[in-house]
Amino acid sequence: DYQYGTVAQTCDQRTAIGLARSKDIDLRFFLPPPPLPKIKNDYPTEDELRLLLVSLPQTGLDPCVQYFTSLALRESSQTLAAQRGGLWCFGGNGLPYCETLSKIPSETVELFCLQALVQHSKVSSHCDKIEAKGGLQLLQRIYQLRKDSAKIQRNIIRIIGNMALDERLHSSIVRAGWISVLAEVMKSPHVIQSSHASRALANLDRDTVQEKYPDGVYILHPQYRSSQPIRADILFVHGLMGAAFKTWRQQDIDRRLDKKASEGEEDYSQCWPKTWLASDCPALRIISVEYDTHLSDWKAKCPVEAHRKSIAYRSNELLDKLRAAGIGDRPLVWVSHSMGGLLVKKMLVDASKNPEMDKIVNNTRGIIFYSVPHHGSQLAEYSINARYLLFPSAEVKELSKDSPALKELNDDFLSFAKDKKFSVLSFAETLPTHIGSMLKLHVVPLESAKLGIGDLIPVDVNHLNICKPKKKDAFLYQRTLKFIQDVLAQEL
């Protein structure tokens, strides 16, 4: 321990980051986070978080950042609202609301504030302010206090990952003790926690990582430094109600039916691209992206500006992030589920019209579509008929059957894909999906999953399980793997 301690004290920033990104590293190589400063004025942490939020610029903000900030400040428990004469919340209507919510557990309030900070941390000039106001130390304190809340810790690491995009903040992040925390979380068995930490460390590691990983772009493999060169990229894009990790998990095992399954539980994959694909094709860089999607406007996280959710808006936003992450610099295969496939088509069509994005198009070797509604889905019709069940959000409206926008997108994509000779593989579901307890729906029928080029393979699963293979030797995974190995045969 003494020798590890000596090394930890003499380690410079670059060495510490390099060690944190080394596989199976001993955590004694890292100094523990520095002792936290005394709490000013005995404010509880939620109040300090709110003071930090209030000190950040509120003008010229993305409407979503404004929405999250006002929500966090409105969730204030009574103390600050009373101190500020009830003008704490935007528009001065804070007090009545704050009084009714004074019983909200502080953990919930902290979560609200952290979600607002996540939005602020996407703006680089706000990251400077968060650092200048002691935000890195405050986040460290909350992180240590909330060891029991994976959600709070994940939001905090996401903020650190966003701040790490700015090299000028690296030494502050290191001084605030984040390297030992990130090195520890990298070892987490939970793929979401470890991937958040690996993104933050990759953004800090300017010695061996050329790319930067913006908010919502996660590197699933390689998460550690490795001497193995990366030959190609695989990019996973989820669909409606999906997410960067849960969409790509192994199919859920029914414990009652499968006694053996519960015995072999440790073999269950929370994210098959990270476990199975990475071991079968170690020379690939595997990336998964995340963006907000909601079936119904009731669940919308940020109700401001419906256009944000349109496929066109998303395409632009994601293309910029993907270029920053170096997508297009190597041969590339896209893997998409449901609406994610429409987004992939839109991104490729958009990239083909923009000379700066040429590389993404020219390096695309193949695309896999899992149940992509090229010609729309009944889901949109259902929600229009069952208005009272779902208020369809922008995404669902865009999916309506035979919508002119979808037809135009498909025509544009086909003429351009035939010209580029992409390899395409499509899978289609044949079983209906339960949506809530009321509806049973064939979300993407065979004729909608038919793109017009490449192979189309019907599989006896529902819409949710089409991208979740049952086992590593299941047809769905093996056929996917074979496609990737075939189109990247030269590189691999």
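How do the axes of H3 and H9 cross, and within what distance do they come? In this predicted model, the two axes come within 11 Å and cross at roughly 150°. An angle over 145° counts as roughly antiparallel, so H3 and H9 are roughly antiparallel to each other. Their crossing is left-handed. On the H3 side, the contact is made by Thr45, Glu48, Leu49 and Leu52. These residues meet Gly135, Leu138, Arg141, Ile142 and Leu145 of H9. By class, the contact of H3 with H9 holds 5 nonpolar, 2 polar and 2 charged residues.

H9 spans residues 135–145 and is mostly covered. Of its 11 residues, 8 are buried. The buried set consists of Gly135, Leu136, Leu138, Leu139, Gln140, Arg141, Ile142 and Tyr143. H3 (45–55) is one of the helices against which these buried residues pack. The others are H7 (106–120), H8 (124–132), H10 (150–163), H11 (170–175) and H12 (178–186). Gly135, Leu138, Arg141 and Ile142 are thus among the buried residues of H9, and each is also part of the contact with H3.

The surrounding chain has 492 residues, and buried residues make up 54% of them. Its secondary structure comes to 23 helices and 9 strands. Contacts between residues at least 6 apart in sequence were also examined; 76% of them join residues at least 24 apart. The chain exposes about 22,000 Å². Carbon and sulfur atoms supply 52% of that area.

A second helix pair involves H17 and H21. H17 covers residues 339–352, and H21 covers residues 404–420. The two pack at an angle of about 60°, with their axes 10 Å apart. That angle makes H17 oblique to H21. H17 passes H21 in a left-handed crossing. From H17, the contact draws on Leu342, Lys345, Lys346, Leu348, Val349 and Ser352. From H21, it draws on Leu406, Leu409, Asn410, Asp412, Phe413 and Phe416. The residues of this contact divide into 7 nonpolar, 2 polar and 3 charged.

Within H17, Leu342 was considered individually. Its relative accessible area is 0%, so Leu342 is buried. Neighbours within four places in sequence were left aside in listing its contacts. Leu342 then touches Ile311, Val372, Pro373, His374, Leu399, Leu406 and Leu409. Of these partners, Leu406 and Leu409 belong to the H21 side of the helix contact. Phe413 also lies on the H21 side. The C-alpha atoms of Leu342 and Phe413 are separated by 9.9 Å, although the two residues are 71 residues apart along the chain.

The third pair joins H15 (residues 272–280) and H23 (residues 475–487). Their axes come within 12 Å and cross at roughly 50°. That crossing angle makes H15 oblique to H23. The crossing is right-handed. H15 contributes Trp272, Trp276, Leu277 and Asp280. H23 contributes Tyr477, Thr480, Leu481, Ile484 and Gln485. The contact of H15 with H23 has 6 nonpolar, 2 polar and 1 charged residues.

Key
Residues numbered from 1 in each chain as written. Predicted model: local features only at pLDDT ≥ 70, side-chain atom pairs only at ≥ 80, totals over all residues. Heavy atoms only, no water. Helix = DSSP H or I, 4+ residues; strand = E, 2+ residues; numbered from the N terminus. Buried < 20%, exposed > 50% of the residue type's maximum accessible area, 1.4 Å probe, protein only. Contact = heavy atoms within 4.5 Å. Areas by Shrake-Rupley, 256 points an atom, 1.4 Å probe, with all protein chains shown as cover. Axes fitted to C-alpha atoms, helices over the stretch in contact; angles between N-to-C directions. Parallel < 35°, antiparallel > 145°, perpendicular 65-115°, else oblique. Left-handed = near helix turned anticlockwise from the far one by under 90°. Nonpolar A, V, L, I, M, F, W, Y, C, P; charged D, E, K, R; others polar.
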